[in-house]
Amino acid sequence: MYHPPVLKNKRTLLERAEKFISDIYFTDCNLRGRLYGDTHQLTSLSVFQTAKRVQYSEAIQQNFQPCKVGDAFGPTWWTCWFRIVLKIPEDWREKEVHLRWESDGEAMVWRDDQPVQGLTKEGEKTSYILSECLKQDEPHSITLYVELACNGLFGAGQGSAIAPPDLNRKFTLQKAELVVFNRDVQELLTDFEMLVDIVKLLDEGDQRGYQALFTANEMVNLCEPTDPSTFSSAQSLAQKFFSQRNGQSQHIMHAMGHCHIDSAWLWPYEETIRKCARSWVSVLRLMEKNPEFKFTCSQAQQFQWVKDWYPALYSQIQYFVQKGQFIPVGGTWVEMDGNLPSGESMVRQFLEGQNFFKTEFGQYCKEFWLPDTFGYSAQLPQIMQGAGISRFLTQKLSWNLVNTFPHNTFFWEGIDGSQVLTHFPPGNSYEMKGKVEDLIKTVKNNKDKGRANHSAMLFGFGDGGGGPTQLMLDRLQRVRDSDGLPRVNMSSPDRLFSELQADSGLLCTWSGELFLELHNGTYTTQAKIKLENRRCEALLHDVEVASCLALSQSVGFSYPNKELQELWRLLLLNQFHDVIPGTCIEMVVEDALGYYKEIQRTGSRLLLSACNALRSTPWMEAGSSTAVLNTLPWERTEVIALSGEGSQSRLALIKAPCMGVTLLTDSAVSVSAVTVTVQADGTVRMKNGLVQAVLDKTGRLISLILLQTNREAIPDGCFGNQFVMFDDVPLYWDAWDVMDYHLQTRKPVTTVVRPVEVVSSGALRACVSFSLRISEKSHITQEVILDANSPYIKFSTHVDWAEAHKFLKVEFPVQVRSSNATYEIQFGHLQRPTHRNTSWDWARFEVWGHKWADVSEHGFGVALLNDCKYGYSVHQNVMTLSLLRAPKAPDASADVGHHEFTYALMPHAGSFQDASVIQHAYNLNFPLRLIPDVSMARPWSGFTVSSPAVILETIKQAEGKKNALVVRLYESHGSSVLAVLSTSLPVKEAWHCDLLERPNYSHPAEVHNSKISLTFRPFQIISLLLHLS
Ligand SMILES: [Zn+2]
């Protein structure tokens, strides 16, 4: 069929075709040079610049100044509003006419007062189509506005993408003109591009590549760039090639448009709102032209933003959601971090997200969607299932630095045994471009060949937004079923997962967490965000408990459901996967801390008003005494500070009832007095009847004895509470990564500024204090506190920190031998090895945990508790808590400043479960709260749970039900138990419900004498809907 002579020279034939479409070489005579026809100047171009992000209606009222192509605008984070007046030449009749716009920054075109199209050079969108085929009766004279954000898709990093932003960058307008666009040339260019890629990417042993080569070569022969009448014969050759079909066994790719938009990262939250609008409006334009095109879109918060700021655009999105083209996925408020949020926070991510999607679009999401998050808690499968989701998509584990994850499609099993069908797109990307290499990579990488014959292909520019382009759709259109390449369907997550589920007989199961072997610094970076997250989680818990008690006990109390929802949404927003991990720029940190302040301010007010309402209940009234509120579901006997600061405070030992209230005076109990003794050698001994601790002069713990069994917890000659510094220079991802080799740089902090001295020595509390020097710029001051009746010794720590690329940790070598350590996770715990046998073991040299970690041997163990930290490591018998890092990108001042945090060491007999380590870690995080000016006759308790294994975690008003509560309990020991929940609240009836609070009417929870009997599997979460009478 081919003209002779076609010599056997693959290289020249291939390069000939490449040069024919090159945008660098031979554009004077090749096909690429013909993409655009005539051009025409704009009638006028003028600009208004502002440091603020202003609304369209306000912007167009401003004073616009003339400007021209080549001018530079900005600086960074400013916005330029361009007014464009244009007139399309009459003689461009029947032509496709574009406004061609090339500039730095991210632009939005506004026409007739509405956003119509995003324009971003980085996202390969530089054309706004004015007419697809110019007609006489179309408007020829048009005024447009272009809103240009002075930041790139990836912010404005100085020198590298993740460097702190360059605040003085200028943004240049390179092109603004009318142009005739030759669609037929574009179509041929796409044919050539795909053929060339097939030649290059198919194996040498594959004859299909040679067929592509000769097809492309013959097309060059046929095609005369200056004569469009020659194009059709070239095009039909390409068509003939692409329409040669596969056999039935070929792998099937489910292509879905996607646009990953980080809710804040290298740009602030406010810019994300505009990124959503720019990206999504462009998606709608593609949907209009390509009815089969489907787009998956996650994060309810982003939909809410667009609803608030771009209502007309939002209604168009609703229309395309109903059509099934714009597909909400994920079911969560934001794509949150998968490690650090508490169990209840994760539930709320789904509750707020799913309720939003149901209300706005009439449907819950069926898939959980977290393609870019830094590891996934082993409790997520159960939480997903509870939120009506049994499918999960991510790809981030492809970033593992050490071990290759063995599956792409598998069942993921959580700590309770719940399973979800999980898919990692084998192309290891959520921003493919529809190119041949994406197809081939997917098929080659698929680790479940023969087990799963379907894969996702998510295409579209991402991270900073952008999304799919027409070119990507055109590429995919050509290879829907072309021999030698996987088949491509325009598909949806529902279709993909249904296909995978239908043929899942050979799929493997992965049990436990999906640990990311990278980004392990994110458990520690931006300590203030971590601290505020933990505190705000506790505050909202307490507000809900107090408000529920008030609702059920105090006539006329109105539950602050609207305000609580707003506060939860702020907290959930900050759990976004670049905010709580601390991997964002300084502007985002400031915004996040502002939101936490708002949660603290309003949350404290709500707590106060709930406590006020408790003053008018059957069991408490206004008076002159002070009461104590315990929001945790067990009785606590603790020392509480009544007034004053630090060592000056008046103390009391209080026995507080479960989720209840007692008077201060009523509850005093007597136990062994605390003693503190400075010994002859300068060491200090602290003792309280439960434990005895000895600190050396430099504040190190040289002995900790559990008095009940006279068991020493610190090995002979070792030092607990040893601060250690490490060099912390990762390979690239500064705020994200701590590398294995940092462990080789360990340096103990040994310079004493002020040796240990006794600060207070009352019968209820002993406190000693000391100071250490880390460096010229950084210091530690610590108070070591032992309270009466406390099984743990507390380390209240202040650090002034001004380091660069250093990592501060504290070590506790313990006299315990165990091959595993246990770490608290969401609604449960899991074990990780303390040895480094295999690469899977040592890759976890830095891990995350929540309020506690424990190492135990039979009969004895030691737990390390904390009030705001997440980074841990336990190697052999050394327990280490990660305290502070000092990365310089993307926030150059990350963590520089003053920090306060508390950790505690608790030796125990028996198992950590039987020793109530879990409860004590809660106690450390949920302080007792005082209610002044009351009087009450006897202690009052709202709820009790009969089994110490079961934790009543949450009490809240049921969504949309004024007189009903939801209580959430979980089994925390990893055991099957029966438990009885008793309440003094007037509960009329109770139902089991899921995490979305949908009652299961076939599963009533019988209420007998205010008691409900419950059966738990290990780590099971049970939610109940309680109707109050
Ligand atoms: Zn992301």
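**Close-up 1. Two hairpins follow one another through strands E34, E35 and E36.** Ile780 stands opposite Val799 in E36. This view, like the others here, comes from a predicted model. Strand E35 (residues 779–787) and strand E36 (residues 793–801) are antiparallel partners, held in register by 7 bridges. Between these two strands the hairpin has 5 residues, and Asn789 takes a positive phi near 70°. On its other side, E35 is joined by 9 bridges to strand E34 (residues 765–773), again in an antiparallel arrangement. Look for Arg773, whose bridge partner in E35 is His779. E34 and E35 also make a hairpin, with 5 residues between them. As a reminder, strands of a sheet pair through backbone hydrogen bonds.

**Close-up 2. Five strands build an open antiparallel sheet.** Reading across the sheet, the order is E49-E50-E56-E52-E53. E49 and strand E53 (999–1004) each have a single partner strand, so they stand at the edges with one side left without a neighbour in the sheet. From one strand to the next, the twist averages 35°. At the E53 edge, 2 bridges join this strand to E52 (residues 987–993), and Cys993 stands opposite Pro999. Helix H9 (residues 343–361) lies across E49 and strand E50 (964–971), running at about 40° to E49.

**Close-up 3. Glu953 is a buried charge without a salt bridge.** You can find Glu953 in strand E49 (residues 950–957). Which side chain of opposite charge is nearest to Glu953? That is Lys851, 5.6 Å away. A salt bridge here requires a nitrogen and an oxygen within 4 Å. Beyond its neighbours within four places in sequence, Glu953 touches several residues, among them Glu344, His541, Phe827 and Tyr922. Arg968, Leu969 and Tyr970 are also in contact with Glu953.

**Close-up 4. Helix H7 is largely enclosed by the rest of the structure.** Why can we say this of H7 (residues 300–309)? The reason is that 7 of its 10 residues are buried. They are Ala300, Gln301, Gln302, Phe303, Gln304, Trp305 and Val306. The elements covering these buried residues include helix H6 (269–289), helix H8 (311–322), H9 and helix H15 (561–574). Strands E13 (295–297) and E14 (326–328) are also part of the cover.

**Close-up 5. Cys297 is a buried cysteine without a disulfide.** The relative accessible area of Cys297 is 3%. Its closest cysteine sulfur belongs to Cys276, and at 7.2 Å the two sulfurs are too far apart for a bond. The disulfide count for the model comes to 0. Cys508, by contrast, is partly exposed, at 24% relative accessibility.

**Close-up 6. Salt bridges link distant parts of the chain.** A search of the whole structure finds 52 salt bridges. In one of them, the side chains of Glu96 and Arg183 meet at 2.5 Å, N to O. Glu96 sits in strand E6 (residues 96–103) and Arg183 in helix H3 (residues 183–201), 87 residues apart. Glu96 is buried, at 8% relative accessible area, while Arg183 is partly exposed at 23%. H3 also supplies Glu187, which is paired with Arg478 of helix H12 (residues 470–478), 291 residues apart. The N-to-O distance of this second pair is 2.6 Å. Here Arg478 is the buried partner, at 9% relative accessibility, and Glu187 is partly exposed at 23%.

Conventions:
Residues are numbered from 1 along each chain as its sequence is written. This is a predicted model: local features need pLDDT of at least 70, side-chain atom pairs count only at pLDDT 80 or more; totals for chains, interfaces and linings use all residues. Side-chain values use heavy atoms; hydrogens and water are left out. Helices (H or I, at least four residues) and strands (E, at least two) are DSSP runs, numbered from the N terminus. Buried means under 20% relative accessible area, exposed over 50%, partly exposed in between (1.4 Å probe, protein chains only). Lys and Arg count as positive and Asp and Glu as negative; His and the chain ends are not counted. Contact means heavy atoms within 4.5 Å. Two strands pair if DSSP finds at least two bridges between them. Axes are lines fitted to C-alpha atoms, for helices over the stretch in contact, and angles run from 0 to 180 degrees between N-to-C directions. A disulfide is a pair of cysteine sulfur atoms within 2.5 Å.
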